[in-house]
Structure formats: C-alpha cells, structure tokens
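Colleague: I should be grateful for a close look at one helical part of this model, together with whatever surrounds it. Please explain each term as it arises, since I am new to reading structures.

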Amino acid sequence: FQNTPSSAHGDGKVPARSRIHFSVFFPEGSGVRPAHMFFARTALTEAVLDAAARFGGIRYDKRRMIGSVDKLNLFTIDGDILRLDLPIEAHLGGALSPGGVLILSFGNQLDRSYAAEVASAAIRTQGGSQCALM
C-alpha cells in the first residue's frame with residue numbers, strides 16, 4: 001500500500017463520523033499501488049469512483065456505455081460490480097462492508113485471477129506485511 005489506514009487519503013472536509021474507509025486497488029497493469037482511502041458515507045458511488053481514479057491518476061471517459069470494455073467500474077473483492085447511481089452506503093451490508101476492498105477495473109466483469117490476487121494481497125496486509133500488488 002501507498003499508506004496506512006491511519007493515514008488514509010480523502011477529502012479532509014468530510015467529518016470523521018461521516019467517513020467510510022476502504023482499501024482501494026487500481027486497474028490491473030496500471031502500475032498504481034493500492035491505497036487506503038476514505039469517502040463520505042453519503043457520496044454517490046460514482047463520486048467514490050471519480051475520487052479514487054483521480055487519486056490514482058487513472059484516466060477514463062465517463063461517457064462510455066454501460067457494459068463497454070472501456071468503462072471504468074468499481075467492484076467488490078467478490079467481483080460484484082457496484083451501481084454508480086447509488087450512495088456508497090447503499091452497498092453496505094450486502095456486497096460491501098466498511099473497511100473492505102474496492103477494486104477499480106475496466107469493463108463489466110472483474111478478471112477472476114486479478115480478484116484472487118487482490119484477495120491474497122488484502123489478506124497479507126491484514127497480517128502486517130506490505131502489499132506489493134500493482
């Protein structure tokens with residue numbers, strides 16, 4: 001990871017009680033190291049995607065059609081795609097949990113081998129070792 005959970009990146013204007021933290025992994029092959037980030041619980045998932053992409057320097061065209069291989073999406077560690085038109089908190093308790101993993105990836109399906117690498121890296125970092133997945 002680029003940082004620790006205690007030094008998570010995010011909008012400092014979001015009050016601490018309104019923050020939700022995630023481990024964010026960037027598209028496979030992007031060369032961007034994962035980062036701990038926080039977002040406003042009430043932020044639209046699209047705003048979370050925008051903030052994470054901006055932080056990671058990932059360029060994408062928002063006008064890409066749903067289902068396009070060039071559309072950047074957010075996925076859970078289980079490979080579930082998150083609806084961008086809902087607040088991030090709407091995904092909690094189902095596909096996503098606070099402190100969980102978000103994965104940015106192009107297309108409408110997450111590559112299973114990359115998801116497995118992310119899951120392995122996330123488990124290793126919980127044990128205190130550094131994440132080297134890029």
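Modeller: Helices (H or I, at least four residues) and strands (E, at least two) are DSSP runs, numbered from the N terminus. The part I have chosen is helix 1, which covers residues 45–56. Just after helix 1 comes G57, and the phi of G57 is positive, near 70°.

Two remarks on the basis of the work come first. This is a predicted model, in which local features need pLDDT of at least 70 and side-chain atom pairs count only at pLDDT 80 or more, while totals for chains, interfaces and linings use all residues. Residues are numbered from 1 along each chain as its sequence is written, and side-chain values use heavy atoms, with hydrogens and water left out.

The setting of the helix is as follows. The chain contains two helices and four strands, arranged along the sequence as β-β-α-β-β-α. It has 134 residues, and 41% of them count as buried (under 20% relative accessible area; exposed is over 50% and partly exposed lies in between, with a 1.4 Å probe and protein chains only). A contact means heavy atoms within 4.5 Å. Among the contacts with a separation of 6 or more, 66% join residues 24 or more positions apart. The pLDDT, the predictor's confidence in each residue from 0 to 100, has a mean of 86 over the chain, and 88% of the residues reach 70 or more. Over residues 127–134, however, the pLDDT is below 50, although this stretch has 22 contacts in the model beyond near neighbours in sequence.

We may now return to helix 1. The expected span of a helix is 1.5 Å times one less than its number of residues. For the 12 residues of helix 1 this gives 16 Å, and the C-alpha atoms at its ends are 16 Å apart, so the two values agree. Its buried residues are T45, V48, L49, D50, A52, A53 and G56. The cover over these buried residues includes strand 1, strand 2, strand 3 and strand 4.

T45, a residue of helix 1, shows this burial in detail. It counts as buried because its relative accessible area is 0%. Apart from residues up to four places away in sequence, T45 touches L74, L82, R83, L84, L86, P87, I88 and H91.

Ahead of the helix, the loop between strand 2 and helix 1 holds R41. R41 counts as partly exposed because its relative accessibility is 28%. The neighbours of R41, again leaving out residues up to four places away, are S18, R19, I20, P87, I88, E89, L92 and P98. R41 and R19 are 22 residues apart along the chain, yet their C-alpha atoms are separated by 5.7 Å. R19 in turn lies over the face of F38, at 4.0 Å from the ring centre. A charge sits over a ring if NZ of Lys or CZ of Arg is within 6 Å of the ring centre and within 35 degrees of the ring normal.

Both R19 and F38 are also touched by V14, whose contacts beyond four places in sequence are R19, F38 and A40. V14 belongs to the segment before strand 1 and, at 11% relative accessibility, is buried. From V14 to A40 the C-alpha distance is 6.1 Å, although 26 residues part them in sequence.

Strand 4, which is among the cover of the helix, contains I103. I103 is buried, with a relative accessible area of 0%. Its contacts beyond four places in sequence include F25, N73, L74, F75, T76 and L110. Of these, T76 lies in the loop between strand 3 (72–75) and strand 4 (101–106). T76 is buried as well, at 1% relative accessible area, and its contacts beyond four places include L82, A95, L96 and V101.

F25, another contact of I103, leads to the aromatic pairs, of which the whole structure has three. F1 and F25 form an edge-to-face pair, with 5.5 Å from centre to centre and 75° between the planes. F1 lies in the segment before strand 1 and F25 in strand 1 (19–25), so the pair ties together parts that are 24 residues apart in sequence. Rings of Phe, Tyr and Trp (its six-membered ring) pair if their centres lie within 6.5 Å; planes under 30 degrees apart count as stacked, over 60 as edge-to-face and the rest as tilted. F1 and F25 are both buried.
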